[in-house]
Amino acid sequence: MDIVIENIGQLLTLDKKGPVKGSEMNDLSLLENAAIGIKNGKIEWIGTADEATNIKANSTIDAKGRLVTPGLVEPHTHLVFGGSREQEMALKQQDVPYLEILKQGGGILSTVNATKKASYDELLEKALFHLDRMAAYGITTVEAKSGYGLDKETELKQLKVAKEAGEKHPLDIVSTFLGAHAIPPKYKADPEGFLDLMAELFDEIKAENLAEFVDIFTETGVFSIEQSRHYLQKAKDKGFGVKIHADEIDPLGGTELAVELGAISGDHLAVTSDEGIKQLAASDTIGVILPGTSFYLGKDTYSRAREMIDAGAAIAISTDFNPGSSVTENLQLIMSIAALKLKLSPEEIWHAVTVNAAHAIGRGDQAGSIAVGRNADIVIWDAPNYMYIPYHYGVNHVNTVIKNGSVLFERQEIR
Ligand SMILES: O=C(O)CC1=NCN=C1
Ligand SMILES: [Zn+2]
């Protein structure tokens with residue numbers, strides 16, 4: 001054995017077929033006084049602390065009775081972007097609505113301008129920097145969207161940056177093409193024409209393996225249900241999985257569209273209708289809930305994720321890391337907001353940041369669980385149990401992050 005992690009107080013394996021739905025999300029199996037054996041970057045053995053004493057290993061890590069879980073899976077980020085939008089904070093404080101800022105040419109369009117100006121290397125360096133911070137927060141697999149180009153050249157630039165970031169950085173990246181993120185000014189009167197332009201990229205993106213999913217912002221003032229249906233059907237016909245930024249601000253019925261199209265996930269779902277909750281619960285589409293965005297946009301209402309799970313849906317949660325509507329890589333903070341504002345139990349939250357998040361990006365067989373044969377993506381936490389993480393909010397509880405069997409991050413003691 002290469003490494004044995006011994007003296008694990010509480011081990012959450014989350015070793016379930018998944019996606020985990022409804023009341024199943026509350027059924028969290030855990031092992032106490034456990035140990036894990038790692039060999040060639042994979043999990044080779046899981047057992048008790050006593051059994052571990054008979055195992056020869058090149059090195060051991062003493063978990064000192066702490067919590068150990070799978071590496072977190074981040075299913076929804078806008079990782080690759082130029083610039084920043086701190087100047088919009090004042091508008092948010094004056095309660096200028098998100099869609100109004102966008103209409104005035106700010107918001108997404110402001111980041112589009114900055115992304116077009118940024119060089120490939122600047123975008124790559126920035127993405128690697130944010131991936132380092134995500135790793136330090138315990139995240140070991142990340143979904144990354146394009147969507148700040150809104151022209152062929154810049155959308156491809158973003159996707160190529162994400163691909164190279166995945167090759168250069170130890171975290172695993174899953175890419176999504178979000179060229180349909182907003183309508184650029186020159187297509188203001190012709191959103192369909194813009195979607196046709198973005199759809200022309202499908203063949204090249206598929207051929208160069210630049211994205212596995214195609215996503216669209218279905219929202220008032222962006223793309224309608226009909227435009228989204230037509231565009232995503234084209235993407236499905238080209239062999240892409242589909243996702244939808246659905247029911248974030250206005251309840252257009254994006255959740256129902258995600259279910260209708262067999263989307264792997266419907267994301268945001270902040271204002272999903274009763275009918276949408278019913279259809280989601282009866283489907284295989286995973287609801288990816290972004291409560292940090294509701295918080296950051298100063299919303300009084302949050303996704304009805306509690307009702308979604310009670311109705312039988314599979315739910316994942318995410319930071320929605322992006323430069324305008326949720327500027328944080330701290331998925332642990334989102335776990336706390338999910339507890340306090342979505343009223344999810346700690347058990348549901350742990351399913352939502354591991355096994356269900358992995359399934360929401362097509363990695364259910366590779367990430368989000370600790371099981372023999374899986375990649376050794378593991379986090380040792382400075383916490384006695386799994387309830388502690390959502391309970392103690394806003395800080396980083398990570399002690400050690402292991403990715404494919406290598407230690408990526410260890411908290412440094414200052415004393
Ligand atoms: O504002 C942004 O940059 C990201 C976003 N897209 C749709 N909702 C939020
Ligand atoms: Zn988003």
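**Exercise 1. Find the element that holds Asn 33, then classify the residue as buried, partly exposed or exposed.**

Step 1: Asn 33 sits in strand E2. We're working with a predicted model here.

Step 2: Now for the backbone. Asn 33 is not a glycine, yet its phi is positive, near 50°.

Step 3: The relative accessibility of Asn 33 is 54%. The cut-off for exposed is over 50%, so Asn 33 counts as exposed.

**Exercise 2. Do the job again for Lys 343: where does it lie, and what is its phi?**

Step 1: Look in the loop that runs between helix H14 (331-341) and helix H15 (346-352); that's where Lys 343 lies.

Step 2: Phi of Lys 343 is about 60°, again a positive value in a residue that is not a glycine.

Step 3: With a relative accessible area of 55%, Lys 343 is exposed.

**Exercise 3. Work out which peptide bond at Pro 19 is cis, and place Pro 19 in the fold.**

Step 1: The cis bond is the one joining Gly 18 and Pro 19, with omega about -10°.

Step 2: Pro 19 belongs to the loop between strand E1 (3-12) and strand E2 (30-39).

**Exercise 4. Describe the surroundings of Lys 126.**

Step 1: Start with the element: helix H5, residues 120-136, contains Lys 126.

Step 2: Leave out residues up to four places away in sequence, and Lys 126 touches Phe 81, Gly 82 and Gly 83.

Step 3: Its relative accessibility is 25%, so Lys 126 is partly exposed, as the buried class stops under 20%.

Step 4: For a distance check, take Leu 290. From C-alpha to C-alpha, Lys 126 and Leu 290 are 23 Å apart, with a sequence separation of 164 residues.

**Exercise 5. List the buried residues of helix H4 and say what they pack against.**

Step 1: Helix H4 covers residues 108-117, and its buried residues are Ile 108, Leu 109, Ser 110, Thr 111, Val 112 and Thr 115.

Step 2: These buried residues pack against helix H3 (98-103), H5, helix H6 (152-168) and strand E9 (213-217).

**Exercise 6. Characterise the interface between domain 1 and domain 2, going from the overall layout down to residue pairs.**

Step 1: Get the bounds straight. Domain 1 is made of 3-70 + 369-410, while domain 2 takes 73-360. Their centres, taken over C-alpha atoms, are 29 Å apart.

Step 2: Count the residues in contact: 37 from domain 1 and 36 from domain 2.

Step 3: Put an area on it. About 2900 Å² is buried between the two domains, and carbon and sulfur atoms account for 65% of that. On the domain 1 side, Lys 21, Met 25 and Pro 390 supply 23% of the buried area, more than any other three residues.

Step 4: Turn to the polar side. There are two salt bridges between the domains, and 16 residue pairs in polar contact cross the interface, both partners at pLDDT 80 or more.

Step 5: Which elements of domain 1 give two or more residues to this side? They are strand E5 (67-70), strand E14 (378-381), helix H17 (388-391), strand E15 (398-403) and strand E16 (406-410). E15 has the largest share, with four residues.

Step 6: Finish with residue classes. The side of domain 1 that touches domain 2 has 21 nonpolar, nine polar and seven charged residues.

**Exercise 7. Give the N to O distance of the salt bridge formed by Asp 172 and Lys 403.**

Solution: The two side chains meet at 2.6 Å, N to O. The cut-off for a salt bridge is within 4 Å.

Terms used:
Residues numbered from 1 in each chain as written. Chains lettered and ligands numbered in written order. Predicted model: local features only at pLDDT ≥ 70, side-chain atom pairs only at ≥ 80, totals over all residues. Heavy atoms only, no water. Domains from an automatic or database assignment. Contact = heavy atoms within 4.5 Å. Buried area = accessible area lost by both parts, 1.4 Å probe. Polar contact = N/O pair within 3.5 Å; in protein donor to acceptor, adjacent residues only side chain to side chain. Nonpolar A, V, L, I, M, F, W, Y, C, P; charged D, E, K, R; others polar. Buried < 20%, exposed > 50% of the residue type's maximum accessible area, 1.4 Å probe, protein only.
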